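Student: I should like to examine the structure below and to ask how its descriptive terms are justified.

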Amino acid sequence: MNILEFANSLPDHRQEIKIRHLSTDIIFITVAAVICGAQDWEDIEYFGYCKESFLRKYLLLPNGIPSHDTFNRFFSNLDPQVMESQFLIWVKSICSEHSELVSIDGKTICGAKRGGKSLFHMVSVFCHANGVSLAQVKTGEKSNEITAIPELIKALDLEGCVISIDAMGCQHAIADEIIQAKAHYIPAVKNNQQELYKALEDTFRFQCAKERVSSHELDFGHGRIENRTCYTSQNMENIDQGKMEKCKNAD
C-alpha cells in the first residue's frame with residue numbers, strides 16, 4: 001500500500017456539495033508535511049504552498065492548497081480508530097518491504113507535566129531505513145514500557161527485522177514476542193540486571209581475543225566526538241547457566 005492508497009482508504013464524511021478539496025489531497029499533504037517536521041496546521045498549510053509544484057505531480061488540487069482551518073476540520077471529524085487502523089496497515093507494508101533495523105524506545109513528553117509529574121510517556125517503533133516512526137503507544141510512566149512494547153510488536157509485521165531495544169525491554173516475555181514475530185533482537189543489558197550483566201562482562205573480559213570479533217567506529221556530531229569499539233562473540237560457554245536461569249532478562 002502506498003500513501004495514495006492509504007489516503008483513499010479513509011472515509012470522507014463531509015457534505016459532498018461543500019467539498020472544495022479532495023480528501024486524498026488533504027491526507028497526502030498532511031502526512032508529507034509531518035514527515036518533514038510540520039508541528040501544527042499552519043505549518044502544514046505553509047508546506048503545501050512551498051511544495052505546490054511538487055505536489056501537483058501526484059495530486060489534483062482542484063482548488064489549490066487547503067487552508068489550515070480545512071486541515072483542522074477534516075481531521076477533527078475523522079474517526080481516530082479508523083485512522084489508526086488504516087495507518088497501521090500502511091506502515092506495516094513500509095516496515096515489511098523496506099526496513100532491516102528497527103528501534104523500540106520510550107521518551108517522556110517534554111513540557112507535558114502537572115504538579116511536577118510527567119503526564120505521559122510515549123513508546124515508539126522507529127524504522128531506520130525510512131526515517132519514520134511506525135507506531136507508538138502512550139503509557140503513564142517509564143516503567144510501563146515493559147507492557148507497552150509487546151503491544152507494538154503485535155501491531156506491526158516485523159518478520160525478518162532486527163529490533164534494537166534498551167535495557168528496560170530486556171525481558172524474557174518481550175524476547176518471546178519478538179521470536180514469535182519471526183524477528184531478531186539486540187537487547188541492551190545494564191546494571192539493573194546485575195547477574196546477567198556481570199556474567200556477560202566476565203565472558204568478554206576473560207575470553208581470548210581470537211574468539212571474538214571487533215568493529216571500530218569514530219563519529220562526529222552533536223558537539224562531541226564518539227569513539228566506539230564493538231565486540232561480538234558466539235561463545236557463551238563461560239556464562240554460568242545457573243545464574244542465567246535466575247535472571248529475568250532475555251538470554
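**Cavities and a helix crossing**

Tutor: Ten residues line the second largest cavity of this predicted model, and Ile165, Gly169, Ala175, Tyr185 and Pro187 are the ones nearest its centre. Helix H8 (172–180) and strand E7 (184–187) are the elements that give two or more residues to this lining.

Student: Which element gives the most to the lining of the second largest cavity?

Tutor: H8 does, with three residues. The lining of the second largest cavity divides into eight nonpolar residues, two polar and no charged.

Student: What makes Gly169 count as polar or nonpolar?

Tutor: The nonpolar class does not list Gly, and Gly is counted among the polar residues, so Gly169 is polar.

Student: How do you know that the structure holds two cavities of 30 Å³ or more?

Tutor: The largest cavity has a volume of about 50 Å³, and the second largest has about 40 Å³. The count of two uses a cut-off of 30 Å³ or more.

Student: Which residues line the largest cavity?

Tutor: The lining consists of Pro11, Asp12, His13, Arg14, Arg73, Phe74, Asn77 and Leu78. They divide into three nonpolar, two polar and three charged.

Student: Why are H3 and H5 called oblique to each other?

Tutor: The axes of H3 (residues 41–50) and H5 (residues 68–76) come within 8 Å and cross at roughly 120°. Roughly perpendicular covers 65 to 115 degrees and roughly antiparallel begins over 145; the helices are therefore oblique.

Student: Which residues make the contact?

Tutor: Trp41, Glu42, Ile44 and Glu45 of H3 meet His68, Phe71, Asn72 and Phe75 of H5. These residues divide into four nonpolar, two polar and two charged.

Key:
Residues are numbered from 1 along each chain as its sequence is written. This is a predicted model: local features need pLDDT of at least 70, side-chain atom pairs count only at pLDDT 80 or more; totals for chains, interfaces and linings use all residues. Side-chain values use heavy atoms; hydrogens and water are left out. Axes are lines fitted to C-alpha atoms, for helices over the stretch in contact, and angles run from 0 to 180 degrees between N-to-C directions. Helices (H or I, at least four residues) and strands (E, at least two) are DSSP runs, numbered from the N terminus. Angles under 35 degrees count as roughly parallel, over 145 as roughly antiparallel, 65 to 115 as roughly perpendicular and the rest as oblique. Contact means heavy atoms within 4.5 Å. On a 1 Å grid over the protein atoms alone, a cavity is a set of points where a 1.4 Å probe fits but cannot get out, and a pocket is an open set with protein on both sides within 12 Å along at least five of seven lines; lining residues have an atom within 4 Å of a point. Grid points are joined across faces, edges and corners, and a volume is the space filled by probe spheres set on the points.
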